[in-house]
Protein chains: 2
Amino acid sequence: MTKPSSDNLDLEALGRDLKMSDTGQARTKETRNRIIEGAESLFAHRSYSTVSMREITAEAGVGLAAVNYHFGSKEGLFKAVFLRRARDLNRERAQLLEAADKRANGGVVPLREVLTALLRPGIRWSFDTGGRGLFIQFLTRSRLDHSSPLHEIFYNDVGHLRRFIPYFLRVLPELGEDEILWRLHFTLGALHYTITDLKRLERISEGLCDISQFEPTLERIVSFAEAGFRTAAPVRWAAGDP
Amino acid sequence: MTKPSSDNLDLEALGRDLKMSDTGQARTKETRNRIIEGAESLFAHRSYSTVSMREITAEAGVGLAAVNYHFGSKEGLFKAVFLRRARDLNRERAQLLEAADKRANGGVVPLREVLTALLRPGIRWSFDTGGRGLFIQFLTRSRLDHSSPLHEIFYNDVGHLRRFIPYFLRVLPELGEDEILWRLHFTLGALHYTITDLKRLERISEGLCDISQFEPTLERIVSFAEAGFRTAAPVRWAAGDP
DNA sequence: CCAAAATTCGTACGACCGTTCCAATATTTC
DNA sequence: GAAATATTGGAACGGTCGTACGAATTTTGG
């Protein structure tokens, strides 16, 4: 009757949840995973509140009560779907940034490499046909859904962004930090819109734009963002200027 | 018992709906508007499925059945909220573009003016404290909500975008149409992300970025997009090049 | 001013929601 | 192998949802 809980929400809680069943219940983890995967697939296409637990459990082929047993509640399941992959995504970004840092060998990391480290993992995952592609859809959709239990998390999940800011400041020293943040904001907009709405581009362009290939898409968005970052800062009207 | 309907969804149906009550029922239009405004305000902050009709009618100070009487269903009300302002927004964009065209006097409209015509109305509205600000939030939120009855509309509402493409092609003749569309896509991403998540920028920047002023925000996003549009096109690997 | 139509209001209905309980079954532990 | 525990499956609960209905009330039109 005692239920495994997943109330904690910091990313580190994932590890605890995973080793929760290290005594070897093969069937238990099987059920858990089937539920998570069914939920991920459904949440990828529709919002939190419109996906019912009956749909999820039917998709996973388990009983209705299994969700509450394994995850405590629908909200707990949602968080579990998030936690399973979120760490990996941010870790990939951090690793790319670190690698670029090593390559620079103490020098300044080129702007294009900073942007690539930021944008590549999300774009890459969104091109996956498997679970990671679904997860990216799940993530970008839920970010804007104020009814989702993760809304606060997303708003506060700024740590992995802050890690990039020193790199931008170093490679674009003529820009102030506020200007960097504005442009980072626009860049993330292009990223998220591209991920969630690539199909719309295909429709608008009537097949003219090839959205099927990963590398050219990444190149395009990186080029766009790089140019945006390199443009001159707007004049400030604060001080007494001619 | 005969109910006014609003089943039709093309933008032109708005006019008919508005003059539906031109025989002078002051009270009727009052109720209709109160419901629409209450719904607009609630849909601006939360998704379609999480806002109940009981909340809407309570907010508007009318009976529960009033919605079904005036709009047929919850979905009909949602469409009415959309229709009331959507035409105005696209018309504003078209007018700005036309004005820039006149100013160019037969010549090429500068890129910056094309982008301003595209971006200004949305940003402008989103800074409104009244209903138009709420509407912009409603619009950008619902666009990504696949459970919303308007999802198909948004996907097909590409007419007002197509109008801009010839202007981009003329001012950037070295770019192909596909490349234009990619960059237009990224630009819309920056726009929508800015509109929906300006609060997040404020949080990330810890107050460093001033998000309270309209003109500087517009200038920033236009500059960012302009630079992105002006960057060189990626090399094509198709033809036999050195 | 009066019949007719339009509109408002309170209420009830059937459907679906997330959750809970409990018996049945599988698994672990000694 | 038996006792204890973990997991599953079915049924039911209270609650909320969008909608429909009928009576009361207001407004319209002659």
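The following legends describe three close-up views of a predicted model. Local features need pLDDT of at least 70, side-chain atom pairs count only at pLDDT 80 or more, and totals for chains, interfaces and linings use all residues. Residues are numbered from 1 along each chain as its sequence is written, chains are lettered from A in the order in which they are written, and side-chain values use heavy atoms, without hydrogens and water.

**View 1. Confidence along chain A.** The average pLDDT (the predictor's confidence in each residue, from 0 to 100) of chain A is 84, and 85% of the residues score at least 70. Residues 1–26 of chain A have a pLDDT below 50, and this stretch makes 30 contacts (heavy atoms within 4.5 Å) beyond near neighbours in sequence. Residues 238–242 of chain A also lie below 50, with one such contact in the model.

**View 2. Packing of helices H11(A) and H12(A).** Helix H11 (residues 177–205) and helix H12 (residues 214–230) of chain A, both DSSP runs (H or I, at least four residues, numbered from the N terminus), pack at an angle of about 160 degrees with their axes 10 Å apart. H11(A) and H12(A) are therefore roughly antiparallel (angle over 145 degrees) to each other. Residues making the contact include Leu184(A) and Leu191(A) of H11(A), and Ile221(A) and Phe229(A) of H12(A).

**View 3. The surroundings of Ser41(B).** Ser41(B) belongs to helix H2 (residues 26–45) of chain B. Ser41(B) counts as buried (under 20% relative accessible area, 1.4 Å probe, protein chains only) because its relative accessibility is 19%. Leaving aside residues up to four places away in sequence, Ser41(B) touches Glu59(B) and Leu134(B).

Terms used:
Helices (H or I, at least four residues) and strands (E, at least two) are DSSP runs, numbered from the N terminus. Buried means under 20% relative accessible area, exposed over 50%, partly exposed in between (1.4 Å probe, protein chains only). Axes are lines fitted to C-alpha atoms, for helices over the stretch in contact, and angles run from 0 to 180 degrees between N-to-C directions. Angles under 35 degrees count as roughly parallel, over 145 as roughly antiparallel, 65 to 115 as roughly perpendicular and the rest as oblique.
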